[in-house]
Structure formats: structure tokens, C-alpha cells
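Biologist: Please take one part of this protein and walk me through it closely. I am new to this, so keep it plain.

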Amino acid sequence: CRDLERAIRTDAGREAAACAALLGERRGLFRATDVAEDVERLRSELGIERITLVGVGYGSFVAQRYLVHHPTRVNRMVLEDVLDADGRDPLYLDSAGAAPRLLSDTCRRRCAAFTRDPAGDTARLVARLASGPLRGSLFGPDGQRRRAALTRQELLYTFLVGDGDVISRAKYPAAVVSALRGDAAPLLRLNRRAAMLWRRLPTSFVSPAADAAATCEETRFPWEWHASSAERDGAAAEAESITPPALTGPFDPGTLVRSDLMRLCRRWPTASPGPPATAGMMPDVPVLMLANPRSALFPLETARRAAGRYARAKVLVTPGTLGSQDCADRAVRRFVSDRPPPDSCPLGRPLLP
């Protein structure tokens with residue numbers, strides 16, 4: 001799906017719908033449950049009685065779906081950048097709820113020269129963007145000035161993908177303040193950087209087509225499973241009207257219902273028969289969850305909620321700094337050899353804003 005590979009991640013609905021048509025009925029066969037069955041066939045062919053599963057990011061969801069369907073085959077699980085066992089939340093409610101904590105941790109007292117309320121700055125900018133995009137200009141690789149714009153859903157996306165770019169996360173608080181003071185360029189540059197981050201990933205590493213198929217065929221959106229495009233638009237509008245703003249701050253319900261995942265799948269014709277069954281309490285196996293307290297895409301709040309599904313789950317808070325990574329490595333080695341992992345890891349300091 002070449003057009004989807006080149007699309008802007010925050011507004012790829014048209015390209016995703018074309019990709020769905022190109023894939024045909026195959027588009028319903030890329031879900032985590034399908035991948036879990038591949039794992040089970042591999043386990044059976046290898047003749048291994050019970051396995052230890054390691055899942056990172058989306059892989060943490062695949063591992064948990066495998067456990068749901070094959071609980072007697074799992075010895076233990078190590079999960080990092082944890083998704084809940086019910087899958088992705090297309091509204092990013094956990095991420096929005098974590099944003100004040102994340103911005104406060106990024107700034108602490110280090111942003112005092114330009115702001116004392118980084119979360120409030122984002123909320124004020126979102127309120128402005130509700131009436132229209134932020135406009136300004138950027139210089140392209142050829143040195144020519146180009147007009148650029150940023151919507152509130154692009155602001156959310158820029159904040160989220162800061163997980164993969166510590167420079168962008170450190171620059172975000174000041175870029176928002178600059179936009180509020182009339183200089184859009186710093187924030188427009190961060191938005192462009194966020195968009196390019198996705199495009200730099202080779203399709204052999206992350207296939208936009210497979211990612212769209214998995215997302216649109218297994219995520220629980222606010223609409224009915226086989227809803228028409230018009231019905232999905234109506235359901236999204238209703239979700240915006242009933243979502244309490246207290247759950248979305250510093251963003252707003254209008255931003256979250258226009259997230260990249262919502263826009264990606266709003267025109268996708270669903271081929272699979274229905275969403276995965278809800279997980280409920282999970283089978284009783286030991287689980288170690290590594291959670292980065294500075295992650296917006298995989299917030300600590302999600303890991304703690306996911307851990308509540310297990311009788312024997314431990315959440316180890318471990319941001320990806322050098323000393324912390326060594327600690328996480330030791331924790332995993334101890335856990336898989338049936339020894340207790342440490343209770344905590346050093347947090348280190350984030351990059352200075």
C-alpha cells in the first residue's frame with residue numbers, strides 16, 4: 001500500500017480505505033489473535049511444552065492474547081511498553097490523563113524562565129486550535145520558505161511521538177509557549193519532525209498496511225463493528241459529546257475523537273467478524289511489566305491497570321536511561337530464572353528543556 005506508506009500519519013483515512021480495498025478479504029487476518037495462533041503453531045512444531053513470552057509495545061498485546069487462548073502453554077511473561085489486554089484505546093484517554101504528570105516531570109523547575117504551567121499551556125493552545133489550525137512558515141530542505149499549519153490532533157500526535165525522540169519531548173513545553181506568544185515556527189518544526197519520524201521507519205520493520213489492518217480490525221472504536229461511514233461519523237460525534245473533559249485534559253474531547261487511529265479507521269470496511277473477546281481477569285501466570293514513567297504512548301497508568309488483571313504481576317518503573325536499562329536487564333534475567341526482580345530502578349534525569 002504505497003500511498004498509505006507516504007501518507008501523513010495524522011490524516012491517512014483515504015489512503016487506508018484504498019489499502020483495505022487492495023488487501024481484500026485478507027485485511028481481516030492480521031490481528032493479534034492471528035499472530036498468537038502463529039506463535040502456537042511454532043511452539044507445537046518445536047515441541048516445547050511451555051514458553052516464556054516477551055512482548056514489547058504491540059507485542060505485549062499479542063502475548064496477552066496468546067495467554068487468553070493458550071493459558072496452559074505459558075510459563076511466564078515479560079511485557080514492556082504495555083498495552084492493556086483489551087487492546088489499543090483509539091481515544092488515548094490514558095495518554096491524555098498522563099500528560100500533566102509527564103509535562104510536570106519534563107519541566108519541574110527547569111521551565112520557570114518561560115512557564116510555570118506546561119499542562120495549562122497545552123490546554124490553552126488546544127482551546128485556540130478548536131477554532132482553526134495554527135499557521136506559519138517553515139524552511140524546507142531546499143532552503144525555501146513554505147507555509148505550514150498545525151491542527152489540535154496534530155498537536156496531540158506531536159506530543160505522543162515524543163516518546164521516540166527525547167529532543168522533541170524536551171523542546172515541546174517551550175514550543176507551545178512560543179505558539180501562544182505568536183511564534184508558530186518552533187511547534188511547526190516539531191510537528192514536521194514527528195511526521196518524519198514515522199516515515200523513516202523501513203516497511204520491513206513497520207508495515208503501514210499490516211499496522212492499519214491490525215488496528216482497524218481489532219480495536220474497539222465508538223461505532224458498531226460493521227457500521228457505515230455515516231454511522232461512524234455519527235458515533236464519533238456522540239463520543240465527543242459524552243466524553244467528560246476532565247478525562248481528556250490538557251487536550252479536549254474534540255481532539256481525541258480526531259486522533260490518528262480514529263481518522264485512520266473511520267473509512268475502513270471491516271472484514272473480521274467482530275472484536276476480540278474482552279479479557280477480564282487473566283490466567284494466573286507470573287508477569288513482569290517494564291513501564292517507562294516518561295512514555296506518553298504507553299503510559300505508566302496503562303501498565304498499572306493491565307497489571308490489575310493478574311494475580312502475580314509486578315510493574316517495574318524503569319525509564320530508558322543508561323543506568324536504568326542495566327537495572328531492567330538484570331530484572332529480566334532474574335525474573336526468567338525464577339528469582340525475584342528488584343523493587344525499583346534508578347530514574348535518572350530527562351533531557352533539559
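**A buried arginine, then a helix and its loop**

Modeller: R169 counts as buried, because its relative accessibility is 11%. That falls below the 20% cut-off for buried. The model is predicted, so keep that in mind throughout. R169 has a charged partner: D163 forms a salt bridge with R169. Their closest N and O atoms are 2.9 Å apart. D163 itself is partly exposed, with a relative accessible area of 28%. So this bridge joins a partly exposed residue to a buried one.

Now to the part for our close look: α3 and the loop after it. α3 runs from 32 to 46. The helix has 15 residues. From its first C-alpha to its last it reaches 21 Å. That is close to the 21 Å expected at 1.5 Å a residue.

Which residues of α3 are buried? They are A32, T33, D34, A36, E40 and R43. What covers them? The cover includes β1, α4 and α10. You can find α10 at 208–218.

Next, follow the chain out of the helix. G47 comes after α3. Its phi is positive, near 75°. Then look at I48, which lies in the loop between α3 and β1. β1 covers 51–56. I48 is partly exposed, with a relative accessible area of 36%. It belongs to a nonpolar patch on the surface, along with L42 and L46. Together the three have about 290 Å² of accessible area. L42 and L46 fall within the 32–46 range of α3, while I48 sits in the loop.

The same loop holds E49. Is E49 buried or exposed? E49 is exposed, with a relative accessible area of 54%. This residue forms a salt bridge with R73. The closest N and O atoms are 2.8 Å apart. R73 lies in the loop between α4 and β2, so the pair ties together parts that are 24 residues apart in sequence. On the map, α4 is 58–69 and β2 is 74–80. R73 is partly exposed, at 24% relative accessible area.

Other salt bridges lie elsewhere. D105 forms one with R108, with the closest N and O atoms 2.9 Å apart. R108 is partly exposed, with a relative accessible area of 46%. Some charged residues are linked in a network: D84, D86, D94, R305 and R309. A search of the whole structure finds 29 salt bridges.

Finally, step back to the whole protein. How many helices and strands are there? The count is 15 helices and six strands. Half of the picture is inside: 50% of the 353 residues count as buried. The radius of gyration is 21 Å, and this agrees with the value near 20 Å for a compact globule of 353 residues. The C-alpha atoms fill a box of roughly 65 × 50 × 45 Å along the principal axes. The accessible surface comes to about 16,800 Å². Of that surface, 54% belongs to carbon and sulfur atoms. Look also at contacts with a separation of 6 or more: residues 24 or more positions apart account for 73% of them.

Technical notes:
Residues numbered from 1 in each chain as written. Predicted model: local features only at pLDDT ≥ 70, side-chain atom pairs only at ≥ 80, totals over all residues. Heavy atoms only, no water. Patch = residues over 30% accessible without salt bridge, like charges linked within 9 Å, V, L, I, M, F, W, Y side chains within 5 Å. Areas by Shrake-Rupley, 256 points an atom, 1.4 Å probe, with all protein chains shown as cover. Salt bridge = Lys/Arg side-chain N within 4 Å of Asp/Glu carboxyl O. Helix = DSSP H or I, 4+ residues; strand = E, 2+ residues; numbered from the N terminus. Buried < 20%, exposed > 50% of the residue type's maximum accessible area, 1.4 Å probe, protein only. Rg over C-alpha atoms; globule rule 2.2 N^0.38 Å. Contact = heavy atoms within 4.5 Å. Expected span 1.5 Å × (residues − 1).
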